[in-house]
Amino acid sequence: MSEGLKCPACGSIRHYVTNSRPRETTIHRRRKCRPCGERFSTWEFTEADVPTMQTGYRSMVESMRAAAMKIVQRCDKELEEQE
Ligand SMILES: [Zn+2]
């Protein structure tokens, strides 16, 4: 699996695993690119878990977006209070 993965920064496939965290059905691997030193993560999981993973990712994105909106709203409020 790792042989075909490309570094998100430079596109090289010459990277290595610096840390891996196996769980019940997933493995989270920290990788480091040899040519450019970029650090990135990969997840390995069984095919049956794909919908769960996608849902998890989507909810993570939603919660990040919600958090970003809160920060923006708070900034707006602080600006109003300063005026
Ligand atoms: Zn790279």
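Visitor: Which element of the chain has the lowest mean pLDDT, and which has the highest?

Guide: This is a predicted model, and pLDDT is the predictor's confidence in each residue, on a scale from 0 to 100. Helix α1, residues 50-82, has the lowest mean at 68, while β1 has the highest at 91. For the whole chain the mean is 78, with 70% of the residues reaching 70 or more.

Visitor: What should I do with a low value?

Guide: Where pLDDT is low, the predicted coordinates should not be read in detail.

Visitor: What pattern does the chain follow along the sequence?

Guide: Reading along it, you get β-β-β-α. That fits the tally of one helix and three strands.

Visitor: How do you know that β1 and β2 pair?

Guide: Two strands pair if there are at least two bridges between them. β1 and β2 have seven bridges, in the antiparallel sense, so they pass that test. Two of the residue pairs are easy to find: Tyr 16 has Lys 32 in β2 as its bridge partner, and Arg 21 has His 28. A hairpin of three residues links β1 to β2.

Visitor: What makes β2 and β3 a pair?

Guide: Try the cut-off again: at least two bridges are needed, and β2 (residues 26-33) and β3 have seven, also antiparallel. In β3, Arg 39 is the bridge partner of Lys 32, and Trp 43 is the bridge partner of His 28. So Lys 32 has a bridge partner in β3 as well as Tyr 16 on the other side of the pairing. The hairpin of β2 and β3 has five residues between the strands, and there Gly 37 takes a positive phi near 80°.

Visitor: What is the order of the strands in the open sheet?

Guide: The order is β1-β2-β3, with antiparallel pairing.

Visitor: Why do β1 and β3 stand at the edges?

Guide: Each of them has a single partner strand, so one side of β1 and one side of β3 (39-45) are left without a neighbour in the sheet. From one strand to the next, the twist averages 25°.

Visitor: Why is Ser 20 called exposed?

Guide: Count the other C-beta atoms within 10 Å: exposed means 12 or fewer. Ser 20, which is found in strand β1, has 12, so it counts as exposed. Leaving aside neighbours within four places in sequence, Ser 20 is in contact with Ile 27, His 28 and Arg 29. Ser 41 is 21 residues from Ser 20 in sequence, and their C-alpha atoms are 9.4 Å apart in space.

Visitor: What makes Glu 47 exposed?

Guide: Its count is 6, and the limit is 12 or fewer, so Glu 47 is exposed. Look for Glu 47 in the loop between β3 and α1. Glu 47 and Thr 25 are 22 residues apart in sequence, with 9.8 Å from C-alpha to C-alpha.

Visitor: How do you know whether Gly 11 is buried or exposed?

Guide: Being buried takes 20 or more C-beta atoms within 10 Å, and being exposed takes 12 or fewer. Gly 11 has 10, so the verdict is exposed. Gly 11 lies in the segment before β1 (15-22). Measure from C-alpha to C-alpha and you get 9.3 Å between Gly 11 and Cys 33, which are 22 residues apart in sequence.

Visitor: What share of the 83 residues counts as buried?

Guide: Just the figure, then: 4% of them.

Visitor: How many of the contacts with a separation of 6 or more come from residues 24 or more positions apart?

Guide: Such residues account for 25% of those contacts in the chain.

Conventions: Residues numbered from 1 in each chain as written. Predicted model: local features only at pLDDT ≥ 70, side-chain atom pairs only at ≥ 80, totals over all residues. Helix = DSSP H or I, 4+ residues; strand = E, 2+ residues; numbered from the N terminus. Contact = placed C-beta atoms within 7 Å. Axes fitted to C-alpha atoms, helices over the stretch in contact; angles between N-to-C directions.
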